[in-house]
Amino acid sequence: MRKTRHIPWEDLSELIEKMKADNNRLHLLATIQSLLGLRISDVLALTWKDLSSTDLTIIEGKTGKERKMIVTEGLQEAVAEEFKKNYHARITDVIFMNKHKTGAISVSYINRALKKAFKKYDMDVDQVSTHAFRKTFCYKILEDNNFSDKAIFIISRLLNHSTISTTMLYLNLHEREENLMYESLSL
């Protein structure tokens with residue numbers, strides 16, 4: 001089984017800018033997931049109003065747990081800018097409405113669209129899915145904090161994982177730690 005990998009932050013920023021320039025609305029989805037670390041199912045449930053203020057509280061669809069987040073000014077601006085482009089959208093509509101206006105677009109539709117975008121922009125990612133953005137959120141925190149125990153603990157809390165061990169497995173950090181141990185050995 002192949003695991004979804006994160007996208008280096010610089011590559012993600014470049015992808016988002018290219019999608020935005022091409023008027024690909026998935027730039028907003030990538031931005032939301034990468035800045036909030038939400039599962040795709042929770043992103044698809046968001047309305048325009050949800051991201052119009054600083055505080056966001058959701059009940060995660062998968063776990064049923066409450067999660068509180070800060071919506072940065074930059075994210076609020078990106079959402080507001082995209083809302084202005086959607087002339088027929090109401091503030092209470094889900095952000096990623098399907099073309100029939102019956103609900104959110106499907107995850108399979110998004111993943112197919114992302115696969116096309118990654119190919120178009122010559123992005124080298126072995127398994128394209130929305131989950132890469134959630135992993136990228138985590139790795140940005142890890143990298144910015146030198147893979148510290150504190151960062152792992154914070155990520156565990158942000159993702160509502162029940163144990164640190166779950167977070168370590170999720171991020172595939174056990175393998176990284178083992179490799180570092182081998183690399184540190186010398187005669």
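Student: Which residue follows H2, and has a positive phi?

Tutor: Good place to start: this is a predicted model, where local features need pLDDT of at least 70, side-chain atom pairs count only at pLDDT 80 or more, and totals for chains, interfaces and linings use all residues. Residues are numbered from 1 along each chain as its sequence is written, and side-chain values use heavy atoms, leaving out hydrogens and water. Helices here are DSSP runs (H or I, at least four residues), numbered from the N terminus, and H2 covers residues 26–36. With a phi near 70°, the residue that follows H2 is Gly37.

Student: How many of the eleven residues of H2 are buried?

Tutor: Buried means under 20% relative accessible area, exposed over 50%, and partly exposed in between (1.4 Å probe, protein chains only). Among the buried residues of H2 are Leu26, Leu29 and Ile32. The rest of the structure largely encloses H2, because the buried residues number ten.

Student: Which element gives the largest share of the largest nonpolar core?

Tutor: A nonpolar core is a set of buried Ala, Val, Leu, Ile, Met, Phe, Trp, Tyr and Cys residues joined through side-chain atoms within 4.5 Å. The largest one has 37 residues, and Leu29 and Phe96 are among those with the most contacts inside it. Helices H1 (9–21) and H6 (131–144) are among the elements that give two or more residues to this core. The largest share, six residues, comes from H2.

Student: What kind of aromatic pair do Tyr139 and Phe147 form?

Tutor: Rings of Phe, Tyr and Trp (its six-membered ring) pair if their centres lie within 6.5 Å; planes under 30 degrees apart are stacked, over 60 edge-to-face, and the rest tilted. Tyr139 is buried at 12% relative accessible area, while Phe147 is partly exposed at 21%. Their centres are 6.3 Å apart with 70° between the planes, so by the cut-offs the pair is edge-to-face.

Student: Which residue forms a salt bridge with Glu60?

Tutor: A salt bridge is a side-chain nitrogen of Lys or Arg within 4 Å of a carboxyl oxygen of Asp or Glu. Glu60 is buried, at 2% relative accessibility. Its partner is also buried, with a relative accessible area of 4%. The closest N and O atoms are 4.0 Å apart, and the partner is Arg67.

Student: Where in the structure do Lys140 and Asp144 lie?

Tutor: Their side chains meet in a salt bridge, 3.2 Å from N to O. Lys140 counts as partly exposed, at 25% relative accessibility. Lys140 and Asp144 are four residues apart, about one helical turn, and both lie in helix H6.
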